[in-house]
Amino acid sequence: GAPSGLPAFDMSHVLDEAAGGGRDALVHALVEAARTAPPGQRIASVLLYICTRESEHLYVPLRRHLLFTHKKQAPPLQLNAALDLRGATDSAAGAAALRPSTAERDAMFWDRAVYQRVFLTEAASQLWCGWHGSKGDPAQPFQFQHMVADAAHTMRLLSRAGRLIDMLKLMLTCSVAVQDDNGIYQLSRSCMSTAQELAVLMDMNRALVHLMDARVPSASRAPVDNESLRHTFLTYCSRMRRALASPKYNYFVGLARLVPATLDELHDHVLSNFTLGPKQLAQMDQLNVWAQACEISVASALLDCFDESVLRAAMGSGPMPHRDSGAK
């Protein structure tokens, strides 16, 4: 996937040269993204599945962002038109030439991802900071005020979409940006809540569907450790059964009767197969719908527990999120 609206590619699409060009289409999309991306901007995201062999032998998803940088020779620098004083006069045309464009004005601000980024090496962090050193300290008032104002719009969209746990995480990012200790203390608890556990179960469901879909070509499934994959699936079934049987996770009494039968069918199927057919894929999709309904309801109840002052600090001057956004 890529942040600029470029198409998404999965492994089966890349290996299938007949479907849209396969590898060539992926290479072309990356080239087009790199041509328009300044150094340091994300041009693509790669979703990987890694088996943790040292502990529980479970497959976990890992998303890696690809950043664009010139490896050999940087392109020649061109003088910014806004800084070229040769044609500047006292006329309106001269004033317009000195006025920064929208893209140049936006480039002055830090993106809120600055508080979400993790570097694996010190050299990588220093290189990234060098790309953005001209912006100054992201803790400056005009920087975090812009972050919060931009995030407030996204929060309203997330609230309407029922993605309340993502909205709470975004509020936590804003609390870090404005250095609100009380907000950080309260909102960080959302990352250890039952709503977050349900979100993890939904991620496990999607990962298992990607890895065990019978329609995926055998070439792309060759590196998969089938026994670890089966262990991951059985662990998912066990934790899903425990979660939806507990009133702490599941507010819908009827689901407690429906889920065990579906999980039993999937459990018996995986004991003798390493792939999921159409029926099993439909059951996995149904389980994720049920888990999402529970996650929305729990996250909505969690939202009611936070102090209104904390939510207002994270939302800036924007309207408060609706506290009745839970699933009905």
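Leaving aside its neighbours within four places in sequence, with which residues is Y236 in contact? In this predicted model, Y236 touches L201, M204, N205 and L208, and in addition M284 and L287.

Y236 belongs to a wider arrangement, since it is listed with M171, F233 and L287 as the residues that touch the most other members of the largest nonpolar core, a set of 53 residues. Two or more residues of this core are given by each of α6 (141-160), α7 (164-178), α9 (194-212), α11 (226-244), α12 (255-270), α13 (278-303) and α14 (308-315), and α13 supplies the largest share, with 10 residues. Separate from this core is a second one of six residues, among them W110, V114, M147 and A177.

The pairing of α9 with α11 can be followed in more detail. Their axes come within 10 Å and cross at roughly 145°, and the crossing in which α9 passes α11 is left-handed. On the α9 side, the contact is made by L198, L201, M204, N205, L208, L211 and M212, while α11 brings L229, T232, F233, Y236, R239, M240, A243 and L244 to it. Sorted by class, the residues of this contact comprise 12 nonpolar, two polar and one charged.

Helix α11 also holds S228, whose side chain makes a polar contact with the side chain of D225 at 3.0 Å. S228 counts as buried because its relative accessible area is 5%, below the 20% under which a residue is called buried.

Technical notes: Residues are numbered from 1 along each chain as its sequence is written. This is a predicted model: local features need pLDDT of at least 70, side-chain atom pairs count only at pLDDT 80 or more; totals for chains, interfaces and linings use all residues. Side-chain values use heavy atoms; hydrogens and water are left out. A nonpolar core is a set of buried Ala, Val, Leu, Ile, Met, Phe, Trp, Tyr and Cys residues joined through side-chain atoms within 4.5 Å. Buried means under 20% relative accessible area, exposed over 50%, partly exposed in between (1.4 Å probe, protein chains only). Helices (H or I, at least four residues) and strands (E, at least two) are DSSP runs, numbered from the N terminus. Contact means heavy atoms within 4.5 Å. A polar contact is a pair of N or O atoms within 3.5 Å; within protein, one must be able to donate a hydrogen and the other to accept it, and residues adjacent in sequence count only if both atoms are side-chain atoms. Axes are lines fitted to C-alpha atoms, for helices over the stretch in contact, and angles run from 0 to 180 degrees between N-to-C directions. A crossing is left-handed if the near helix is turned anticlockwise from the far one by less than a right angle, and right-handed if clockwise. Ala, Val, Leu, Ile, Met, Phe, Trp, Tyr, Cys and Pro count as nonpolar, Asp, Glu, Lys and Arg as charged, and the others, Gly among them, as polar.
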